[in-house]
Amino acid sequence: MNKRKISRRTLLGGAATAAVMLFKSSYGRMIQTAIPESLYTDDPTKVVGPPPGAVGARSPFEHPVKKASDTSSRTPLQDLYGTITPADLHYERHHAGVPVIDPHKYELLIHGMVDKPMVFTLADLKRFPSVSRTCFLECSGNFRSNKETLTPQEICGLTSQSEWTGVMLTTLFREVGVQPRASWFLAEGGDAAVMTRSVPVRKAWDDAMIVYAQNGEAIRPEQGYPARLLLPGWEGNTNVKWLRRLELSDQPFMTREETSRYTYPVKDRIRQFSFEMDARSIITFPAFPQQVEKGWIEIRGIAWSGWGKIAQVEVSTNAGKTWQPARLQEPVLDKAHTAFRYLWQWNGETTEILSRATDETGYTQPTIQQLLNARGADMGGYHLNPVTAWVIQRDGKVLFRPEKWK
Amino acid sequence: MRLKTYIVLSYITLAACKPTTGSHTALLQDTGSWPASFHIGRRATLAEINALDIDIRPDGKGLPPGQGNALSGQTIYTAKCAACHGTGTAAMNVQLPGPALMNDSAGANRKKLRTIGNYWPYATTIFDYIRRSMPYNAPGTLTPDEVYSITAYLLYANRIIDQQTMMNAASLPAVEMPAKKLFIADDRQGGPEIR
């Protein structure tokens, strides 16, 4: 009995234990549906397994899932390793559901202040010189902090990272001949919200892309199939999915998503066109609902900045009294989730562990109090990136330390 | 106070000229040997452009012919919108599928309920958004007259225009929204300062 228990735990691995615990009730049933009972055995060396197949699947012992609400779905940051988000676990935020778009009928129209208004099919887009780049996406409404029992996924799971492939927007802008006076473009989606955002043309000259692939395969429907705008480092909503139209203009269009939404009170004003996502980090292990033991713990997490590369991540294991540099996983990429690690020997006393990121512009992730000082008490819920803390209790339980400001 | 300076500046130019961390395109791709054109894709026809070009700019560019006022708008609103958005300014007892659209204290009381009356900087946005995405369960089904009428009704219900005023391609962009003066362009620019 005891022997069997240990062997299962070994199979499940350390960091994944929390996710599996959530599924404990249905654990037995899931094994039976995923693997024929005849094949399930305590000794795999005595049974020949299934033959090669057309499409692979996750191990039946692994159940990472997004956490969905009516309007969004969050990446299980605590269940991931490294920095690439599996495409089916990429966060979702859309305003009128996921459209079904036939790739053979798909067209992208570029018009307005251009010399040649043009239409590109998906096949056209794929013929242009292509580029792949790895970067994060993050919804600008990505901070929850109301209670102790929050997982990293619940606190800030509206961020994910992929390797995107597509065509540089400048390549298409060369083709249509963007006029010198054009300073903004409207990006419009082909979903039921017909989502629109105005984007400064400077972002196109910088690093904007139209992408049709994600992590080596066609973009998933939830991420904008068959093609989306990618504005590395900029708030998720501007990366318009299911992109059908770009219109060049000499002024912004003041769409609902850049006036009524995605704006926020700063002191007695409302801040608009807040594009870059500021530097941020989160410890993903140890985190609620995990339980740790006294001794060596590798503190792990991710850090990212919409302004460039992560320069440094510091970790505190004494509630913020002192800070030590964490190790960054190479390669550290521009505007990308960067894994960090810090080896710590826990003495079993109650404490708080925290992380804070600094990016290459010299910006250091602020506390909620610093954000309040800068923006005022009515600062709203967009673009919040505060340092967060995990409380490690004497019994090894890990709890989130809620940040209260409203 | 630093914020005050931004009130008088046009945030259009501000946001467009904000410095960036550097050009990355050059690093991602070497375009040195590229032809002037790849001759991929085709010219768009005017009909194709007109079929998709539904956006409205704050200066009114894009507004279609047609008109309507709050009187006709109220009838349409009651039939097609109220089920999800309610008809009043008071807090609802039930959770409605859509956000409240009215506020009886134009320009003030921003903290409580952010709506057209105290948070929307441009009247043209109401037209643009309703035409493209509402009603939520049947987007893109309203005629220009219906959208003008509902827009007029929402402006009236938010105490910005009166009940008779006709909204059309000329009058809608001229409506001064109470919240416009509150909007400032993002002034974050990277670097050590927390903003």
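User: What makes the strands S16, S17, S21 and S20 of chain A an open sheet, and in which order do they lie?

Analyst: In this predicted model, the 4 strands are ordered S16-S17-S21-S20 in chain A, with antiparallel pairing. The edges are strand S16 (280-285) and strand S20 (327-328), each of which pairs on one side only.

User: How do you know that strand S17 and strand S21 of chain A pair?

Analyst: Pairing requires at least two bridges between the strands. Strand S17 (residues 295-304) and strand S21 (residues 338-346) of chain A are joined by 9 bridges and run antiparallel, so they count as paired. As an example of a bridge partner, A:Glu298 has A:Leu343 in S21(A).

User: Why is B:Asp187 called buried, and which side chain does it contact?

Analyst: The relative accessibility of B:Asp187 is 4%. Buried means under 20%, and therefore B:Asp187 counts as buried. The residue lies in the segment after strand S2 (183-185) of chain B. Its side chain is joined to that of A:Arg271 by a polar contact of 3.2 Å, a value to be set against the limit of 3.5 Å.

User: Why is A:Gly216 called exposed?

Analyst: A:Gly216 has a relative accessibility of 70%. The term exposed applies over 50%, so A:Gly216 counts as exposed. It sits in the loop between strand S10 (209-214) and strand S11 (217-218) of chain A.

User: Why is A:Lys335 described as buried and A:Ala319 as partly exposed?

Analyst: A:Lys335 is at 2% relative accessibility and therefore counts as buried, the limit being under 20%. A:Ala319 is at 38%; partly exposed covers values between the 20% and 50% cut-offs, so A:Ala319 counts as partly exposed.

User: What makes the phi values of A:Ala319 and A:Lys335 noteworthy?

Analyst: Most residues other than glycine have a negative phi. A:Ala319, in the loop between strand S18 (310-316) and strand S19 (324-325) of chain A, has a positive phi near 60 degrees. A:Lys335, in the loop between S20 and S21 of chain A, has a positive phi of about 55 degrees. Neither A:Ala319 nor A:Lys335 is a glycine.

User: Which peptide bonds to A:Pro226 and B:Pro135 are described, and what are their omega values?

Analyst: Most peptide bonds are trans. The bond joining A:Tyr225 and A:Pro226 is cis, with omega about 5 degrees. From B:Met134 to B:Pro135 the bond is also cis, with omega near -10 degrees. A:Pro226 lies in the loop between S11 and strand S12 (228-230) of chain A, and B:Pro135 in the loop between helix H8 (123-133) and helix H9 (144-157) of chain B.

Key: Residues numbered from 1 in each chain as written. Chains lettered and ligands numbered in written order. Predicted model: local features only at pLDDT ≥ 70, side-chain atom pairs only at ≥ 80, totals over all residues. Heavy atoms only, no water. Helix = DSSP H or I, 4+ residues; strand = E, 2+ residues; numbered from the N terminus. Buried < 20%, exposed > 50% of the residue type's maximum accessible area, 1.4 Å probe, protein only. Polar contact = N/O pair within 3.5 Å; in protein donor to acceptor, adjacent residues only side chain to side chain.
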